[in-house]
Amino acid sequence: MAQFRLHSAKVLAVTMNGDAVKAKNGSMVAYDGQMAFKKLSGGGEGLRGMVTRRLTGEQMTLMEVKGQGTCYFADRAADINLVQLNGETLHVEASNLLATDSGLRTGTSFTGLRGASQGNGLFTTTVEGTGQAALMSDGTAVVLRVAQGMPLQVDPGAYIAHQGNLRQDFQTGVNFRTLMGEGSGESFQIRFEGDGLVYVQPSERNTLGGDV
């Protein structure tokens, strides 16, 4: 299996010995040894994944990198976070996924109004199986634990990903600035309950929900 490590906070180094990884198209910045690059259609699993993404609007263009040596990946100087999956499912915004082990399966899942509030469509990307994935964030990501009886409220613009046994509820009419009397217009939050981890970034994407 390919070996993932952080060369720096903003550069991912993946050492391969005949292995392969999937990475965001165009994210390779350097490599040593012998590498072959192949663009993958759609970003999901084969034709079904490609068709699903076109229908849902979830855009993720991946390439397969295979070879002997070390390949370095980065994208727009974003910070990088490594996630180890052990038969779990990671839900992640497509724009925040940098690379995965080739053995991990990528697909889509329904997010409903949460995705609509972010301007990312009604579906988000899933990564399943055993192996490592590299996530990107605008600034150093924060990993927050959700436990039974201790729900977590998240601004949709700061949400990156989540894993574990979590339930999501989409709430309208309130956000952190609204609570302080500074919000205006329709606003949104995501409420997570259960047991798992939520990844957030210290920078907000533009959303369709007004001033969030």
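The largest nonpolar core, a nonpolar core being a set of buried Ala, Val, Leu, Ile, Met, Phe, Trp, Tyr and Cys residues joined through side-chain atoms within 4.5 Å, has 18 residues in this predicted model. Within this core the residues with the most contacts are Leu 12, Val 14, Met 16, Val 21, Val 65, Phe 73 and Leu 98, where contact means heavy atoms within 4.5 Å, and buried means under 20% relative accessible area, exposed over 50% and partly exposed in between, with a 1.4 Å probe and protein chains only. Two or more residues each are given to this core by β2, β4 (62-73), β6 and β8 (123-137), and β2 gives the most, with five residues. Apart from this core lies another one, of 13 residues, which includes Val 83, Leu 90, Ala 161 and Tyr 199.

Because the model is predicted, local features need pLDDT of at least 70 and side-chain atom pairs count only at pLDDT 80 or more, while totals for chains, interfaces and linings use all residues. Residues are numbered from 1 along each chain as its sequence is written, and side-chain values use heavy atoms, with hydrogens and water left out.

The chain as a whole holds three helices and 12 strands; these are DSSP runs numbered from the N terminus, helices being H or I of at least four residues and strands E of at least two. Of the 212 residues in the chain, 48% are buried. The chain exposes about 10,000 Å², of which carbon and sulfur atoms supply 51%, the accessible areas coming from the Shrake-Rupley method with a 1.4 Å probe, and only the protein chains shown counting as cover for residues. Among contacts between residues at least 6 apart in sequence, 78% join residues at least 24 apart.

Strand β6 (residues 97-101) has five of its five residues buried, so this strand is largely enclosed by the rest of the structure. Strand β2 (residues 11-24) runs antiparallel to β6 and is joined to it by three bridges, two strands being paired if DSSP finds at least two bridges between them. In this pairing Val 21 stands opposite Asp 101 of β6.

The loop between β2 and β3 (28-40) contains Ser 27, which is buried, with a relative accessible area of 0%. Leaving aside residues up to four places away in sequence, Ser 27 touches Met 63, Tyr 72, Phe 73, Ala 74 and Leu 98. The C-alpha atoms of Ser 27 and Phe 73 are separated by 5.2 Å, although the two residues are 46 residues apart along the chain. A polar atom of the Ser 27 side chain lies 2.7 Å from the backbone oxygen of Lys 24; a polar contact is a pair of N or O atoms within 3.5 Å, where within protein one must be able to donate a hydrogen and the other to accept it, and residues adjacent in sequence count only if both atoms are side-chain atoms.

Another buried residue is Thr 124, with a relative accessible area of 1%, and Thr 124 lies in strand β8. Its side chain reaches the backbone oxygen of Val 92 at 2.9 Å. The C-alpha atoms of Thr 124 and Glu 93 are separated by 5.7 Å, with their positions 31 residues apart along the chain.

Which residues form the aromatic pair that is tilted? Rings of Phe, Tyr and Trp (its six-membered ring) pair if their centres lie within 6.5 Å, and planes under 30 degrees apart count as stacked, over 60 as edge-to-face and the rest as tilted. By this rule the count comes to two aromatic pairs. The tilted one is formed by Tyr 31 and Phe 37, at 5.5 Å centre to centre and 55° between the planes; Tyr 31 is partly exposed at 39% relative accessibility, and Phe 37 is partly exposed at 35%. The rings of Tyr 159 and Phe 192 have centres 5.9 Å apart and planes at 15°, so this pair is stacked. The pair links distant parts of the chain, with Tyr 159 in strand β11 (residues 159-172) and Phe 192 in strand β12 (residues 188-200), 33 residues apart. Tyr 159 is buried at a relative accessible area of 0%, and Phe 192 is buried at 0% relative accessibility.

Most residues other than glycine have a negative phi. Arg 76, which is not a glycine, has a positive phi of about 50°, and Ala 77 likewise has a positive value, near 55°. Arg 76 is found in the loop between β4 and β5 (79-92), as is Ala 77. Arg 76 counts as exposed at 67% relative accessibility, and Ala 77 counts as exposed at 51%.
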